[in-house]
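Subject: Structure for your review

Dear colleague,

Please find below the structure that I would like to hand over to you. I should be grateful if you would look through it alongside the notes that come after it.

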Amino acid sequence: VDVRGIRIGALGTINFDKAWTYAVMLSFNSLRRDFNSDLEDKITLYDAVVGIPVWGEYGRMQVGKMKAPISMERIMGMVFEQAMERPTHLDALLDSRSIGVDFSDMIFDQRFTWKIGAFNNWLEEDDLSFSEANQEVVGRVTAVAYEDEEKGRLLHLGAGYRYVDIREGTISYEVGPEQWFVGSWVDTGSFAADASHMVNLEMSYLDGPLWLASEYSST
């Protein structure tokens, strides 16, 4: 048996007049193998984020290491996913977590949400300063397009955009199965690039126990 990792974390509130939120999540990686056979780190920091109310009832700012606001399948926790693992293309095209700040709000009687953030992972990059590391801007809007509470029906629509100013000079995309002993399915290798643009569209429909969902991503 190989244990890929053991995760431990804490979620909670800091109860000021308007409560702050926090989330910290660590993974203690397998002593034998991590899911990435090249990874030698014994501890991985997944989340370290604080949420601060800044305006109105729902306006918030988040600071720290977190999921960037794009793709419902990426943002949702695994326990809420339709399947055991996320769609493969999202693992290839998007970072698991990013370091930065974002702002969000809910409007129109909580039927419309928006979130936008700026990210830079220079703290986790070797020998790169803030200005030398890739700069990332991500935004997402969602809407409850249709809802019938009595019949348990809901139609969710969303759209996201991600721009990366590639200051590191190259980019690569790689993805493989969860098993460490199987090679990558797709590996572009590093290639020169100035910028990356991603558009993501999402739709999710609930009708009682029926759940239909779909996403489209273009990079």
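The notes below describe strands, salt bridges and a surface patch. Please keep in mind that this is a predicted model.

I begin with the strands. Strand S7 covers residues 135-148, and strand S8 covers residues 153-165. The two pair in the antiparallel sense, with 13 bridges between them. Within this pairing, Arg 140 stands opposite Gly 160 of S8. S7 and S8 form a hairpin in which four residues lie between the strands. One residue of the turn, Gly 152, has a positive phi of about 70°.

S8 also runs antiparallel to strand S13, residues 195-207, and 13 bridges join these two strands. Here Tyr 163 has His 197 in S13 as its bridge partner. As general background, the side chains of a regular strand alternate between the two faces of the sheet.

Next come the salt bridges, of which there are ten. Three pairs may help you to find your way:

- Glu 81 and Arg 86 meet through their side chains at 3.5 Å, N to O. Both Glu 81 and Arg 86 are buried.
- Glu 147 and Arg 111 form a salt bridge at 3.3 Å, N to O. This pair links distant parts of the chain, 36 residues apart: Glu 147 belongs to strand S7, while Arg 111 lies in the loop between strand S5 (98-107) and S6. Glu 147 counts as partly exposed because its relative accessibility is 35%, and Arg 111 is likewise partly exposed, at 32%.
- Asp 207 and Arg 153 form a salt bridge at 3.4 Å, N to O. Asp 207 in strand S13 and Arg 153 in strand S8 are 54 residues apart, and their pair also links distant parts of the chain. Asp 207 is partly exposed at 24% relative accessibility, and Arg 153 is partly exposed at 28%.

In addition, salt bridges with shared partners join Asp 95, Glu 136 and Arg 162 into one network.

Finally, I turn to the surface. Which residues form a negative surface patch? They are Glu 125, Asp 126, Asp 127 and Glu 168. Asp 127 sits in the loop between strand S6 (112-119) and strand S7. Why does Asp 127 count as exposed? Its relative accessibility is 77%, and a residue is called exposed when that value is over 50%.

Yours sincerely,
A colleague

Terms used. Residues numbered from 1 in each chain as written. Predicted model: local features only at pLDDT ≥ 70, side-chain atom pairs only at ≥ 80, totals over all residues. Heavy atoms only, no water. Patch = residues over 30% accessible without salt bridge, like charges linked within 9 Å, V, L, I, M, F, W, Y side chains within 5 Å. Areas by Shrake-Rupley, 256 points an atom, 1.4 Å probe, with all protein chains shown as cover. Salt bridge = Lys/Arg side-chain N within 4 Å of Asp/Glu carboxyl O. Lys, Arg positive; Asp, Glu negative; His and termini not counted. Charge placed at Lys NZ, Arg CZ, Asp CG, Glu CD. Buried < 20%, exposed > 50% of the residue type's maximum accessible area, 1.4 Å probe, protein only. Pairing = 2+ DSSP bridges.
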